[in-house]
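Here is a short set of exercises to work through at your own pace, each with a solution that goes step by step. Keep the viewer open beside you and try each task before reading on.

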Amino acid sequence: MSTRQTRTAGRLLVAPSVVLLFVWMIVPLVMTLYFSTLRYSLLDPGSEVYVGLENYRYFLTDPAFFASLVNTLVLVGSVLAISIVGGIFFALLLDQPVWGLPIIRLMVIAPFFVMPTVSALIWKNLFMHPVSGLFAWIARSFGFTPVDWFAEMPLFAIIVIVAWQWLPFATLILLTALQSLDGEQKEAAEMDGAGPVSTFIWIVLPHLARPITVVILIETIFLLTVFAEILVTTGGGPGLQTTNIAFLVYAQALLQYDVGGASAGGIVAVVLANIVAFFLVRLIGKNLEA
Amino acid sequence: MGKIQLQGVRKVFGQVTVIPGVDLTVDDGSFVVFVGPSGCGKSTLLRLIAGLEDVSGGHIFIDGRDVAGLPAAQRGLSMVFQSYALYPHMTVRGNIGFGLKMAGTPKAEIARKVEAAAATLNLTPYLERKPGQLSGGQRQRVAIGRAIVREPKAFLFDEPLSNLDAALRVQMRLEISRLQKDLGTTAIYVTHDQVEAMTMADRIVVLNQGNVEQVGSPIELYERPNSLFVAGFIGSPQMNFLKGAYAAAHGAPTIGVRPEHMRAARGGEGWKGVVAVAEHLGSDTFLHVDLAEGGIVTARVIGELGLSAGDAVVLSPDPARIYRFDADGKAVAK
Ligand SMILES: Nc1ncnc2c1ncn2[C@@H]1O[C@H](COP(=O)(O)OP(=O)(O)OP(=O)(O)O)[C@@H](O)[C@H]1O
Ligand SMILES: [Mg+2]
């Protein structure tokens with residue numbers, strides 16, 4: 001792409017796909033913006049009226065909004081923390097020469113391929129069920145009262161499920177990074193008198209800084225919109241305890257039949273995601289440049 | 001202090017014996033170079049001394065203490081790697097000071113020692129840079145700085161100059177030699193470049209398939225190689241080996257003559273042949289000559305002789321400088 005001619009040709013050739021992508025993105029966004037200014041109830045179709053920013057005021061002042069914002073942040077933060085700390089741990093383990101490594105690796109990666117709805121169902125019915133779940137059985141065999149996970153600590157239960165799905169992803173990325181660490185560097189550190197812990201802190205962790213930022217970025221994008229796990233297990237409850245923004249928008253639209261309010265919520269979610277993205281990109285930018 | 005002794009050191013990787021058993025003494029303060037062809041076990045032997053590999057048998061003594069069972073960190077040696085192995089996310093200062101930091105040295109003392117080492121190596125302007133922002137030669141010097149700052153009993157170098165260009169290699173070669181003499185620290189240096197070996201070493205250890213073939217000063221090895229292998233390895237261009245009638249005339253199955261120990265003329269008595277290729281370097285000329293009775297030899301002639309490819313030539317070797325080897329490749333006394 002060095003001459004002017006090839007540059008012009010290049011622009012012409014990519015133009016259709018760029019236009020298509022742009023339209024693809026802008027049409028739904030504009031429609032959502034438009035709906036968010038209407039009073040639009042599915043119970044009373046055909047009676048839409050322009051209400052200005054009323055839907056936004058309603059959505060943002062709803063106590064459910066603040067609760068679900070907090071839930072979203074707690075969910076994202078906890079899952080990130082668990083998957084990165086756990087991911088580093090498993091990556092270090094899998095980096096050792098162990099017998100049958102390919103099979104172990106495949107098993108570690110497997111949860112990532114399970115659909116969110118399926119894994120939530122498995123956790124709900126096989127592990128966390130207060131009567132027939134595995135955890136309940138373990139608790140009973142030690143003489144404890146089983147925990148009713150989704151009633152007593154619902155958000156924690158959902159964090160566990162989601163972390164279980166994302167841990168393999170973090171492990172995989174961090175393992176690949178670990179394997180690209182120059183062996184002579186570790187040997188140089190060994191000659192310099194660094195023990196395993198010092199080597200980890202001073203050599204391995206800085207080497208992992210970049211892949212960790214990548215994991216944070218990618219996971220955050222998906223974790224902001226966790227939905228299936230909540231729908232399948234708690235339905236956002238009890239009360240609002242497990243309602244995140246994505247679930248709140250859904251509840252607004254399809255449980256309260258309020259398309260206008262849901263659209264306003266959707267736009268709020270987009271703005272929030274962009275704020276998060278802004279900070280992430282700055283963080284990543286710093287880490288990826290160096 | 002830094003006297004290193006190897007006693008029957010062996011190394012086996014799985015089924016393969018890489019070092020069958022090496023006995024060697026490296027005197028305190030000396031510069032010892034391990035040379036040998038690729039894959040002969042030079043790096044392995046060095047890593048055994050460093051403690052980066054476990055010995056399969058034998059003893060390693062540093063100042064009389066058996067260190068074969070000790071971890072690398074406790075042997076008091078430092079190593080310069082072929083890839084330099086600098087820590088990419090630390091500054092030059094951090095890289096050089098890392099070993100001291102691990103040893104729990106106070107901050108002020110680390111700073112003082114790092115700055116002193118940087119000054120010796122002309123690295124002071126680069127102390128706050130990361131390795132990625134340095135040239136190859138500068139990185140090399142940081143790696144050396146990391147080695148000297150800990151005041152080790154001995155330096156171990158594994159082909160430290162092989163990633164540099166020719167001019168820089170000559171310069172760094174001199175710098176390393178000078179530094180080692182100034183500090184008086186024992187050094188073991190691995191290379192497969194015989195020019196580096198000849199110019200830097202107090203003593204050269206020639207390795208062949210994990211065995212010590214010969215140990216001696218560069219000139220000893222040049223003048224009195226005790227085998228065909230050493231004779232062929234030390235000296236550049238390589239020694240010429242002749243069999244058949246030429247060798248029979250001197251009563252040995254194989255004889256060797258160095259290119260610089262032959263005189264070339266257009267006529268007279270000697271080995272007759274035809275110039276196949278003449279390489280004119282100005283100061284001297286390398287003649288590759290097809291001999292009348294088979295074989296090709298290289299002769300080094302001072303200055304210009306005016307010979308070119310296709311010309312007839314007569315080579316007369318210096319009779320005192322003809323090496324004779326028996327059927328096993330061992331040198332035969334004159
Ligand atoms: N970890 C290992 N496992 C098995 N064999 C090994 C291992 N390390 C080295 N070897 C073998 O040991 C022999 C000597 O290797 P070494 O690296 O010491 O050679 P070298 O003399 O340093 O060669 P070069 O000049 O190419 O660096 C080689 O044949 C190599 O294949
Ligand atoms: Mg080597």
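**Exercise 1. A covered helix in chain B**

Which helices do the buried residues of helix 2 of chain B pack against?

Solution. Bear in mind that this is a predicted model.

- Step 1: Collect the residues of helix 2 of chain B that count as buried, with under 20% relative accessible area. They are B:V92, B:N95, B:I96, B:G97, B:F98, B:G99, B:L100 and B:M102.
- Step 2: Set that list against the whole helix. Eight of the eleven residues of helix 2 of chain B are buried, so the helix is mostly covered.
- Step 3: Look for the partners. In chain A, these buried residues pack against helix 9 (183-191) and helix 10 (196-223). In chain B, they pack against helix 3 (107-120) and helix 4.
- Step 4: Step past the end of the helix. Helix 2 of chain B is followed by B:G104, which has a positive phi near 75 degrees.

**Exercise 2. Length and sides of a helix in chain A**

Find out what span helix 5 of chain A should have, and which of its residues are buried.

Solution.

- Step 1: Helix 5 of chain A has twelve residues, 116-127. The expected span is 1.5 Å times one less than the number of residues, and this gives 16 Å.
- Step 2: Check the model. The end C-alpha atoms are 15 Å apart, which agrees with the expected span.
- Step 3: Pick out the buried residues of helix 5 of chain A: A:S119, A:A120 and A:W123. Because they cover an arc of only 100 degrees around the axis, they sit on the same side of the helix.
- Step 4: See what this set packs against. The partners are helix 6 (134-141), helix 8 (154-179) and helix 11 (228-233) of chain A.
- Step 5: Now take A:L126, also found in helix 5 of chain A. Its relative accessible area is 54%, so A:L126 is exposed. Leaving aside neighbours within four places in sequence, A:L126 is in contact with A:L121, A:S132, A:G133 and A:L134. The C-alpha atoms of A:L126 and A:A136, ten residues apart along the chain, are separated by 9.8 Å.

**Exercise 3. Two polar residues in chain A**

Are A:Q165 and A:N244 buried or exposed?

Solution.

- Step 1: Locate A:Q165, which is found in helix 8 of chain A. At 7% relative accessibility, A:Q165 counts as buried.
- Step 2: List what A:Q165 touches, not counting residues up to four places away in sequence: A:F112, A:P116, A:S119 and A:E229.
- Step 3: Move to A:N244, in the loop between helix 11 and helix 12 (245-255) of chain A. Its relative accessibility is 2%, so A:N244 counts as buried.
- Step 4: Leaving aside neighbours within four places in sequence, the contacts of A:N244 are A:S68, A:T72, A:L75, A:L224, A:V226 and A:I230.

**Exercise 4. The surroundings of ligand 1**

Which residues are around ligand 1?

Solution.

- Step 1: Gather the shell: B:F13, B:V18, B:S38, B:G39, B:C40, B:G41, B:K42, B:S43, B:T44, B:E159 and B:H192. Helix 1 (residues 42-50) of chain B gives the largest share, three residues.
- Step 2: Look at oxygen atoms of the ligand. One is 2.5 Å from an N or O atom in the side chain of B:S38. For B:G41, an oxygen atom of ligand 1 is 3.0 Å from a polar backbone atom. For the side chain of B:E159, the distance from a ligand oxygen to an N or O atom is 3.3 Å.
- Step 3: Consider the cover. The protein covers 57% of the 640 Å² of accessible area that ligand 1 has on its own.

**Exercise 5. Backbone angles in chain B**

Where are B:A85, B:E151 and B:P237?

Solution.

- Step 1: Recall the general rule: most residues other than glycine have a negative phi, and most peptide bonds are trans.
- Step 2: B:A85 has a positive phi near 50 degrees. B:A85 lies in the loop between strand 6 (77-80) and helix 2 (92-102) of chain B, and is buried, with a relative accessible area of 3%.
- Step 3: Phi of B:E151 is positive too, near 45 degrees. B:E151 belongs to the loop between helix 4 (136-148) and strand 7 (154-158) of chain B, and is exposed at 59% relative accessible area.
- Step 4: The peptide bond from B:S236 to B:P237 is cis, with omega near -5 degrees. B:P237 is in the loop between helix 8 (228-233) and strand 11 (240-242) of chain B.

Conventions
Residues are numbered from 1 along each chain as its sequence is written. Chains are lettered from A and ligands numbered from 1 in the order in which they are written. This is a predicted model: local features need pLDDT of at least 70, side-chain atom pairs count only at pLDDT 80 or more; totals for chains, interfaces and linings use all residues. Side-chain values use heavy atoms; hydrogens and water are left out. Helices (H or I, at least four residues) and strands (E, at least two) are DSSP runs, numbered from the N terminus. Buried means under 20% relative accessible area, exposed over 50%, partly exposed in between (1.4 Å probe, protein chains only). The arc is that of the directions from the helix axis to the C-beta atoms. Contact means heavy atoms within 4.5 Å. A residue is near a molecule or strand if one of its heavy atoms lies within 4 Å of it. A polar contact is a pair of N or O atoms within 3.5 Å; within protein, one must be able to donate a hydrogen and the other to accept it, and residues adjacent in sequence count only if both atoms are side-chain atoms. Accessible areas come from the Shrake-Rupley method with a 1.4 Å probe; for residues, only the protein chains shown count as cover.
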